[in-house]
Amino acid sequence: MQQKNIHWFPGHMQKATREIEERVKIVDVIIELLDARAPLSSRNEKLYKITQNKKRVLILTKKDLADDVITEKWKEYFTSLNYQVVCADLNEKKLIKVIEEKINILGRDKREKEIKKGMKPQPIRAMIIGIPNVGKSTLINRISKRNAASVQNTPGHTKSQQWIKVDNSFELLDTPGILPANYENKEYAINLALVGSIRETILPIEELADILLNYLRKYYPETIKNRYVIDFNEKDDNNSILCKIALKRGFLLKQEPDVSKASSLLLKEFRDGILGHISLERL
């Protein structure tokens, strides 16, 4: 399959990148969100380089959709890089307390210096960064305990930056989801398309389904068999598997299996976690 170069860099992303570069100077802590299913693919390297000299809380979001064993290995890896790491289901009740504890740990030196100078401790300023659809707005709403940031499950929804005062201890700067201008590593772009951080129109659904099936057949073959109640072996190609799924679900087009509809179903059920806990990147 020929893979085209992936390019997505709307004007608001370019502007937001410049604003992050300007404002990072007055930020104490970076809260970086990565998708637990694809931590490397979901890191914007440009944003990382802009903010790399700041203390960092790394949040692996959507852990409820990822493979628990693989996520734990990623946590160990990032912890070894001296990050404060949190594996997060953004709906967990204890999550915000855990994140605030991590921020407090990173802000301790700042507060001690201010007290020594006879100053009243100032709020810790944290900037939240990440690519589209990784959960930033959901998280900031939960941290601020109100609907401070607009939430929409659409890549590239947040288009502006805003400071949000959580309490007297914290101020958070929400930023839009920003993708790199292009992806030289096509595998990263494909992973982002699979998890829904790049719009589906960027890559054909049939191509994405083919790539996903190859991966599932290698690492999670029973998932496909159990979910769709079908059987297959190594001799079956992906098209025949999609045909079996289509027939099982009654997806027909002119009395033939509707492979396109089966492809869409496979992708949707992967993204929604219906296929089970699946990670696309491994250490």
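Accessible areas here come from the Shrake-Rupley method with a 1.4 Å probe. With that in hand, let us walk through this predicted model. The accessible surface of the protein comes to about 14,400 Å², and carbon and sulfur atoms hold 47% of that area.

From the surface, we can turn to the overall build. The protein has 283 residues, and 52% of them count as buried. Its secondary structure is made up of 10 helices and 10 strands. Among contacts with a sequence separation of 6 or more, 68% are between residues 24 or more positions apart.

A good place to look more closely is helix α3, which covers residues 68-79. T71 lies in this helix and is buried, with a relative accessible area of 5%. Once neighbours within four places in sequence are set aside, the contacts of T71 are A36, L60, A66, C87 and S279. One of these partners, C87, is itself buried, at a relative accessible area of 17%. The chain also brings R282 into the picture: 211 residues separate T71 and R282 along the sequence, yet their C-alpha atoms are 8.7 Å apart.

Helix α3 also holds Y77. Is Y77 buried or exposed, or something in between? Its relative accessibility is 35%, so Y77 counts as partly exposed. Together with L81 and L283, Y77 forms a nonpolar patch on the surface. The three residues of that patch have about 280 Å² of accessible area together.

Now for the cysteines. C87 has already appeared as a contact of T71. C243 is another buried cysteine, because its relative accessibility is 18% and the cut-off for buried is under 20%. How many disulfides does a search of the whole structure find? The search finds zero.

Our last stop is helix α4, which spans residues 95-116 and includes R111. R111 is buried yet has no salt bridge. Which side chain of opposite charge is nearest to R111? That is E114, at 5.9 Å, whereas a salt bridge needs a side-chain nitrogen of Lys or Arg within 4 Å of a carboxyl oxygen of Asp or Glu. As for its surroundings, R111 touches N104, P121, Q122, I124, S169 and F170, leaving out residues up to four places away in sequence.

Technical notes: Residues numbered from 1 in each chain as written. Predicted model: local features only at pLDDT ≥ 70, side-chain atom pairs only at ≥ 80, totals over all residues. Heavy atoms only, no water. Helix = DSSP H or I, 4+ residues; strand = E, 2+ residues; numbered from the N terminus. Buried < 20%, exposed > 50% of the residue type's maximum accessible area, 1.4 Å probe, protein only. Contact = heavy atoms within 4.5 Å. Disulfide = S-S within 2.5 Å. Patch = residues over 30% accessible without salt bridge, like charges linked within 9 Å, V, L, I, M, F, W, Y side chains within 5 Å. Lys, Arg positive; Asp, Glu negative; His and termini not counted.
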